[in-house]
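Grab a pencil and have a look at the model below. Each exercise comes with a worked solution, so try the task before reading on.

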Amino acid sequence: MPQAGTLAQYVDYARAATEAGVHELFVDFGQTPATLAQRVDLAGRFIEGVRHG
């Protein structure tokens with residue numbers, strides 16, 4: 001499990017976990033100094049990245 005990285009690295013990790021059979025993954029976007037709106041945007045981009053590669 002990565003402790004730090006870029007959004008693309010987290011997307012790659014999540015996709016690899018899915019391919020390995022993981023059915024659930026918890027990612028905490030609250031551990032950043034970003035605003036709430038920025039965290040919501042980040043979470044949305046993460047979801048889209050996982051879905052579409």
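What follows is a set of short exercises on this predicted model.

A few ground rules: residues are numbered from 1 along each chain as its sequence is written. This is a predicted model, so local features need pLDDT of at least 70 and side-chain atom pairs count only at pLDDT 80 or more, while totals for chains, interfaces and linings use all residues, and side-chain values use heavy atoms, with hydrogens and water left out.

**Exercise 1. The overall build**

Work out how many helices and strands the protein chain has, and what its radius of gyration is.

Step 1: go through the DSSP runs, where helices are H or I over at least four residues and strands are E over at least two, numbered from the N terminus. You end up with two helices and zero strands.

Step 2: take the radius of gyration over C-alpha atoms and set it against the globule rule, 2.2 Å times the number of residues to the power 0.38. The chain gives 11 Å, close to the 10 Å that the rule gives for 53 residues, so it is as compact as a globular protein of that length.

Step 3: lay the C-alpha trace along its principal axes, and the spans come out at about 35 × 20 × 20 Å.

**Exercise 2. Surface and core**

Find what share of the 53 residues is buried, and which residues make up the largest nonpolar core.

Step 1: sort residues by relative accessible area, with buried under 20%, exposed over 50% and partly exposed in between (1.4 Å probe, protein chains only). Of the 53 residues, 13% count as buried.

Step 2: look for buried Ala, Val, Leu, Ile, Met, Phe, Trp, Tyr and Cys residues joined through side-chain atoms within 4.5 Å. The largest such core has five residues: Tyr10, Val11, Ala14, Phe29 and Phe46. Helix H1 (residues 7-19) supplies its largest share, three residues.

Step 3: follow Ala14 outward, with contact meaning heavy atoms within 4.5 Å. Skipping neighbours within four places in sequence, Ala14 is in contact with Leu25, Phe46 and Val50.

**Exercise 3. Leucine 7 and its partners**

Say where Leu7 sits, and which residues it touches beyond four places in sequence.

Step 1: Leu7 is found in helix H1, and a relative accessible area of 22% makes it partly exposed.

Step 2: its contacts, local neighbours aside, are Leu42, Arg45 and Phe46.

Step 3: check one pair by distance. Leu7 and Arg45 are 38 residues apart along the chain, with their C-alpha atoms separated by 8.3 Å. Ala8, also to be placed in helix H1, has its C-alpha 9.6 Å from that of Arg45, at 37 residues apart.

**Exercise 4. Arginine 39 and glycine 21**

Is Arg39 buried, exposed or partly exposed, and where is Gly21?

Step 1: Arg39 lies in helix H2 and is partly exposed at 23%.

Step 2: beyond four places in sequence, Arg39 is in contact with Phe29, Gly30, Thr32 and Ala34. Its C-alpha is 6.1 Å from that of Phe29, 10 residues away in sequence.

Step 3: Gly21 belongs to the loop between H1 and helix H2 (36-52), and is partly exposed at 39%.
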